Amino acid sequence: MRASELISAIQSGKMDESLKRVYVTDDAVNYQRERYIRTAKNFINMFGDERDVMAVSAPGRTEVCGNHTDHNNGKVLAASINLDAIAICAKRDDSVICEKSEGHSVNNVDISDLTAKESDYGKSSSMVKGVVARLNDLGYSVGGFDACTTSDVMGGSGLSSSAAFEVLIGNIISYLYNDGNIDAVTIAKASQYSENVFFGKPSGLLDQMASSVGTFVTIDFKDLKEPVIKKVDYDFSKSGYSLCIVDTHGNHSDLTDDYAAVRSEMEAVAAAMGKKVLREIEKEDFIKAIPELTKKVNDRAILRADHFYNENIRVEKAVSALEKGDFDAFKEVITSSGYSSYLYNQNVFTPHNPTEQKLSLALCISQELLEGRGAWRVHGGGFAGTIQAFVPNDMLDTYKTEMDAVFGEGSCHVLIIRPVGGTRVM
């Protein structure tokens with residue numbers, strides 16, 4: 001199907017069922033029709049209308065439970081969301097990938113050379129090359145392609161726009177050159193490899209795995225080489241709740257040391273007990289060691305270690321609640337996770353600027369509005385950025401209005417837990 005034919009099919013409603021499989025609601029389908037048509041037109045304008053094209057999508061993700069646990073080989077619960085990166089793409093006959101993201105310059109990548117170069121760190125083109133390089137190393141077929149892409153995953157929101165882009169590239173290679181047979185876990189690992197080795201960012205596997213696998217997914221990082229990944233069978237659309245991500249527009253500058261301190265302090269506790277990471281130590285042994293630890297590490301490090309152990313338990317409880325369909329129990333776990341992040345992990349505001357506490361304010365207002373009915377917690381790395389809330393649908397308008405009034409129009413984003421990860425859409 002050529003891009004012009006795809007546009008006609010979308011306009012006529014023939015693609016509505018395919019869109020609804022991914023985006024769930026009628027309102028979302030209406031929004032996506034225009035978005036896919038616009039992207040297909042961009043493809044025609046840039047690459048012509050002579051070849052067959054396909055539409056591919058990869059979602060952003062939200063961390064649901066497991067705040068700051070993955071870097072010490074802990075457990076997490078995450079979910080894919082309806083915000084995503086999409087591509088209209090077609091094969092080329094050479095070894096060049098030409099990718100044009102809406103609002104950005106063109107990435108031209110020659111995959112005849114798949115070596116990582118430090119001079120390319122931080123460039124989106126290096127993400128493209130890295131995913132292709134890893135899939136090639138694993139024995140999959142790779143080749144050139146043209147693609148017009150666009151993403152509505154907000155950068156800096158903790159929703160993992162970079163992971164969505166990497167997983168998108170992996171799915172393009174899978175569907176164009178491997179009949180869609182590259183499994184989601186392999187694509188996620190290739191995406192993480194790309195970010196670490198080619199892009200130069202030492203990220204964990206959580207973001208890429210949640211994007212690639214889709215819906216609720218729990219990951220146990222005890223063995224980093226072979227993390228245990230499980231989809232969680234729960235239909236969020238029937239819960240009676242909406243997922244809200246509130247962007248507090250806090251200052252993200254100079255937070256690198258704050259993020260690094262969470263990991264380094266947890267690892268300092270582990271080192272004081274003769275291990276590399278906290279997951280190598282049982283919780284009971286950590287508790288018994290606290291009197292001695294107070295002589296070896298700072299108090300905050302001990303508090304953060306305690307958060308790590310109990311957060312792993314909360315992940316297990318949240319997964320169990322979802323599998324049993326007990327959303328009230330799930331909400332209790334999520335709110336408890338938020339309190340622990342605030343009190344013990346202490347990643348809700350930076351101690352370097354204690355008078356600016358936009359995340360704290362958002363959590364405070366959320367508690368005033370949702371206590372007894374919803375759930376709320378810091379989202380992602382913390383210190384600035386976003387909070388997460390599960391809001392009863394009958395309170396959604398009120399919650400959104402109140403949060404937008406404080407943090408600015410459009411600050412409260414109402415999301416859907418998406419039922420599929422990276423996929424061919426049409």
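User: Which strands form the open sheet, and in what order?
Analyst: Four strands, in the order β9-β10-β8-β11, with antiparallel pairing. The edge strands are β9 (375-379) and β11 (412-415), each pairing on one side only. Neighbouring strands are turned by 25° against each other on average, direction ignored.

User: What sort of model is this, and how are residues numbered?
Analyst: This is a predicted model, where local features need pLDDT of at least 70, side-chain atom pairs count only at pLDDT 80 or more, and totals for chains, interfaces and linings use all residues. Residues are numbered from 1 along each chain as its sequence is written, and side-chain values use heavy atoms, with hydrogens and water left out.

User: What counts as a strand, a helix or a pair?
Analyst: Helices (H or I, at least four residues) and strands (E, at least two) are DSSP runs, numbered from the N terminus. Two strands pair if DSSP finds at least two bridges between them.

User: How many bridges link β9 and β10?
Analyst: 5 bridges, in the antiparallel sense; β10 covers residues 386-392. Trp-376 stands opposite Ala-389 in β10.

User: Which helix packs on the sheet and touches β8, β9 and β10?
Analyst: Helix α11 (residues 327-345) does, with β8 at 241-247. The direction of α11 makes about 40° with that of β9. Axes are lines fitted to C-alpha atoms, for helices over the stretch in contact (heavy atoms within 4.5 Å). Angles run from 0 to 180 degrees between N-to-C directions.

User: Where does α12 lie?
Analyst: Helix α12 (residues 358-370) lies across β9 and β10, running at about 10° to β10. Among its buried residues (under 20% relative accessible area, 1.4 Å probe, protein chains only) are Leu-359, Leu-363 and Ile-365. The buried residues of α12 pack against α11, β9, β10 and α13 (396-407). Just after α12, Gly-372 takes a positive phi of about 90°.

User: Switching to the N-terminal helices. At what angle do α1 and α3 pack?
Analyst: About 165°, with their axes 9 Å apart; α1 is residues 3-11 and α3 is residues 26-47. That makes α1 roughly antiparallel to α3 (over 145 degrees). Ile-7 and Ile-10 are among the α1 residues at this contact, and Tyr-36 and Phe-43 are among those from α3.

User: And at what angle does α2 cross α3?
Analyst: Roughly 115°, and the axes come within 9 Å; α2 is residues 16-23. On the α2 side, the contact includes Leu-19 and Tyr-23. Val-29 and Gln-32 are among the α3 residues there.

User: How many residues of β1 are buried?
Analyst: 12 of its 12, and β1 covers residues 54-65. 10 bridges join β1 to β2 (residues 75-91), and the two run antiparallel. Ala-55 has Ile-88 in β2 as its bridge partner. β1 also pairs with β12 (residues 423-424) in the antiparallel sense, over 2 bridges. There, Ser-57 stands opposite Thr-423.

User: Which residue has a positive phi in the loop between β1 and β2?
Analyst: His-68, with phi near 55° in a residue other than glycine. His-68 lies in that loop. His-68 is buried, at a relative accessible area of 11%.

User: What about Gln-346: where is it?
Analyst: In the loop between α11 and α12. Gln-346 has a positive phi of about 55° although it is not a glycine. At 29% relative accessibility, Gln-346 counts as partly exposed (between the buried limit of 20% and the exposed limit of 50%).

Key:
Parallel < 35°, antiparallel > 145°, perpendicular 65-115°, else oblique.
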